Structure formats: structure tokens, C-alpha cells
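This report introduces a protein model to a reader who has not seen it before. It considers aromatic pairs, charges over rings, one helix and the salt bridges.

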Amino acid sequence: MDSLAAAPGTGPATSPLPVLRKPRPAARFEDLPTGRTLVMGILNVTPDSFSDGGSHATPDTAIAAGLRMFYAGADIIDVGGESTRPGAEDVSPEEEQRRVVPVIEALVKAGALVSIDTTHASTAAAALKAGAAIINDVSGLTMEPEMAELAAASNAPYILTHRRGDARTMNSLAEYKEVAAEVVAELAGVRDKLYAAGVSQEQIIIDPGLGFAKNDAQNWELLQNLDQLESLGHRILVGASRKRFLGTLLTVAGKSAAPEERDGATAAITAISAYRGAWAVRVHDVGPSLDAVKVAARMAAPRAGS
């Protein structure tokens with residue numbers, strides 16, 4: 001599929017064949033919509049992600065999926081080439097870049113604003129060179145300290161995720177007395193390292209890391225205490241989409257809901273997070289969450305005559 005082609009049946013393209021589009025000006029972080037929570041679409045270019053592993057494992061299928069999200073209204077497309085699910089195998093930076101760079105280049109040419117979901121500084125650098133605008137460090141700076149230097153040098157917005165351990169060890173590290181307070185304290189400690197490297201306050205976006213070294217009850221407690229995260233003074237990204245704690249909540253006859261059956265619950269969390277002032281939500285299914293953030297924005301609007 002041509003890198004500038006619209007995915008069949010998306011946006012203005014209603015033909016069963018791709019429709020070639022001219023390259024658009026590069027999207028800028030500064031031009032993102034204001035007045036509502038943003039919607040970040042998840043694009044896993046992997047064979048083993050927990051929700052959609054294998055569905056977008058080639059550049060062509062990933063580009064098509066990213067374009068569908070973009071034309072559906074996603075504000076940001078978050079491209080990742082390594083699964084972060086518990087127990088996932090490590091991927092070399094070289095293989096990760098082989099997966100993501102062509103996809104990023106194509107989506108940027110189409111006019112999308114792209115973030116790179118990675119734990120590797122070299123992959124983040126390659127993604128920025130390919131046109132990505134945001135670094136989404138899902139390691140929380142626990143893997144490669146060089147990520148802080150890259151963020152400082154590039155001046156790119158940097159998503160700081162709370163995480164303990166790695167994909168193989170995180171579940172064993174979900175021990176907290178007061179999860180919200182401890183997550184805030186640990187994020188503040190990492191933030192100090194970012195500041196020391198020259199990263200500015202305005203660059204940093206906070207992700208509480210739902211599902212990363214947290215059990216079901218701890219995920220819910222974090223969502224109930226987003227105001228504590230706000231005390232850090234940064235924008236907040238909420239990434240609850242299709243995660244295991246939603247499957248547990250939706251258990252029927254002893255069977256946890258499958259990932260694709262969790263989109264309704266995800267949209268509900270989107271609405272609540274947006275109403276409480278989250279900067280963005282990270283989701284697999286863009287349409288329902290885009291509707292949810294618009295509803296939340298309308299509910300939070302001042303009443304007529306007030």
C-alpha cells in the first residue's frame with residue numbers, strides 16, 4: 001500500500017481502493033486542540049501485544065490502521081514496536097526501528113501527529129528523525145538514562161510513565177501501602193533526574209502507568225486519585241484501554257471479558273478522566289473515546305448565564 005494512501009473505507013475515501021493524497025504540512029504539538037481532552041490512538045506494530053498482537057505487524061497493515069485512526073479523529077497516533085505486556089520478550093532496538101520507522105514516516109506525511117512508544121533512546125531518536133513529535137518512554141526512565149538526554153536535546157514533549165521493573169518482573173513488584181502517594185513520590189524522583197538532564201517542566205507529561213506493577217485494586221485506586229497526580233504540576237495521560245483490570249470487572253460466568261470486549265468500559269473511563277481534567281487518554285478504539293471527551297467537555301462547560 002502506498003504510504004500516502006487512505007485506508008479503504010476511511011475518511012473521504014469510500015472506494016474499495018486506496019486514494020492517493022498529497023503530503024500534508026507536518027503536524028505540530030503546539031497546534032493540538034484545546035478545550036477538551038485529547039485522544040491518542042494506540043498503534044502496535046508487533047506480533048504479540050496483548051490486545052491486537054499480529055493485526056498490524058507489517059508496515060502496510062500498520063499504516064492502514066494508523067490512517068483509519070487519524071481519519072476517525074485521533075489527535076495523536078502512538079506507534080510502538082515492542083510489546084509491554086507482562087512476560088513479553090525483549091525486542092532489539094534495530095528490530096524495533098525496522099518495524100516503526102516506515103510507519104511513522106508514512107503517517108507524518110499524511111498529516112498525523114505521532115508519538116513513539118519505546119524504552120530505547122536510539123529508537124526514540126530514530127523516530128524523531130522520521131517525524132515523530134513526542135517521546136512516550138514507557139520504561140519511566142528505568143531502562144536507559146540516555147532517554148533524558150535525548151528529551152533535553154530535542155526539546156520534544158516527554159511522557160513519563162510510572163513503572164517498576166520490566167515486562168518480566170513488574171507483576172512481582174506491585175507492593176504498595178498507599179499506591180497513589182507512592183506513585184507520585186516515585187514519579188517526582190524520576191522527574192528530578194529529568195530536570196537535572198535539562199528537561200523543562202513544560203515538556204513533561206505524566207502517565208500513572210496503569211497495569212505496570214499494579215494489580216486490579218491498585219489501578220482503580222489510582223484512577224480514583226488522579227488529583228494527587230495533578231499535584232506534580234504536569235499534564236496527565238490516562239492509559240486504561242482494554243487493560244486486564246477492565247476484563248476482570250466485566251467478568252461473566254467466571255470468564256474475564258476479552259480485550260476487544262472492554263471498549264465500552266474504556267470509553268467510560270475516558271469520559272470520567274476527561275471530566276476530571278486529564279490532558280489525554282490513550283485508547284485502541286478512537287471513535288467512542290472521541291465522543292466521550294466531547295461529552296465531558298460539554299458537561300464541564302459553564303452553564304448559560306452563569
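The model is a predicted one. A search of the whole structure yields three aromatic pairs. In one of them, F29 and W279, the ring centres lie 6.0 Å apart; the planes meet at 35 degrees, between the limits of 30 and 60 degrees, so the pair counts as tilted. F29 belongs to the segment before β1 (38-44), while W279 is in the loop between α9 (263-275) and β8 (280-283), so this pair ties together parts of the chain that are 250 residues apart in sequence. Both F29 and W279 are buried.

A further pair is formed by W220 and F245, whose ring centres are 5.0 Å apart and whose planes stand at 85 degrees, so the arrangement is edge-to-face. Here two helices are joined: W220 sits in α6 (residues 216-224) and F245 in α8 (residues 244-249), so parts 25 residues apart in sequence are tied together. The two partners can also be described by their accessibility. W220 is partly exposed, with a relative accessible area of 27%, whereas F245, at 1% relative accessibility, counts as buried.

Charged side chains also meet an aromatic ring. R163 lies over the face of F212, at 5.9 Å from the ring centre. The charged end of K243 is likewise placed over the ring of F212, 4.9 Å from its centre.

The helix α2 (residues 93-109) merits separate description. Helix α2 has 17 residues and spans 23 Å from its first C-alpha to its last, close to the 24 Å expected at 1.5 Å a residue. A kink of about 30 degrees occurs in α2 at V100, shortly before the proline P102. The buried residues of α2 are P93, E96, R99, V100, V101, V103, I104, A106, L107 and V108. In an α-helix there are 3.6 residues a turn, so residues three or four places apart point the same way. The packing partners of the buried residues of α2 are β1, α1 (59-72), β2 (76-80), β3 (114-118) and α3 (121-130). Just after α2, G111 adopts a positive phi of about 105 degrees.

Which contacts join oppositely charged side chains? The search of the whole structure finds nine salt bridges. The table lists some of them.

| Salt bridge | N to O distance |
|---|---|
| R28 and D31 | 3.0 Å |
| R164 and E186 | 2.5 Å |
| R242 and D263 | 2.8 Å |

In the pair of R242 and D263, distant parts of the chain are linked: R242 lies in the loop between β7 (235-238) and α8, and D263 in helix α9, 21 residues apart. R242 is buried, with a relative accessible area of 12%, and D263 counts as buried at 15% relative accessibility.

For the first entry of the table, R28 is partly exposed, with a relative accessible area of 48%. As for the bridge of R164 with E186, R164 lies in the loop between β5 (158-161) and α5 (179-197) and E186 in helix α5, so the pair ties together parts that are 22 residues apart in sequence. R164, at 17% relative accessibility, counts as buried, while E186, at 28%, counts as partly exposed. Finally, D78, D117 and R282 are linked in a network of salt bridges.

How values were computed
Residues are numbered from 1 along each chain as its sequence is written. This is a predicted model: local features need pLDDT of at least 70, side-chain atom pairs count only at pLDDT 80 or more; totals for chains, interfaces and linings use all residues. Side-chain values use heavy atoms; hydrogens and water are left out. Rings of Phe, Tyr and Trp (its six-membered ring) pair if their centres lie within 6.5 Å; planes under 30 degrees apart count as stacked, over 60 as edge-to-face and the rest as tilted. Helices (H or I, at least four residues) and strands (E, at least two) are DSSP runs, numbered from the N terminus. Buried means under 20% relative accessible area, exposed over 50%, partly exposed in between (1.4 Å probe, protein chains only). A charge sits over a ring if NZ of Lys or CZ of Arg is within 6 Å of the ring centre and within 35 degrees of the ring normal. The expected span of a helix is 1.5 Å times one less than its number of residues. The bend at a residue is the angle between axes fitted to the seven residues ending there and the seven starting there. Contact means heavy atoms within 4.5 Å. A salt bridge is a side-chain nitrogen of Lys or Arg within 4 Å of a carboxyl oxygen of Asp or Glu.
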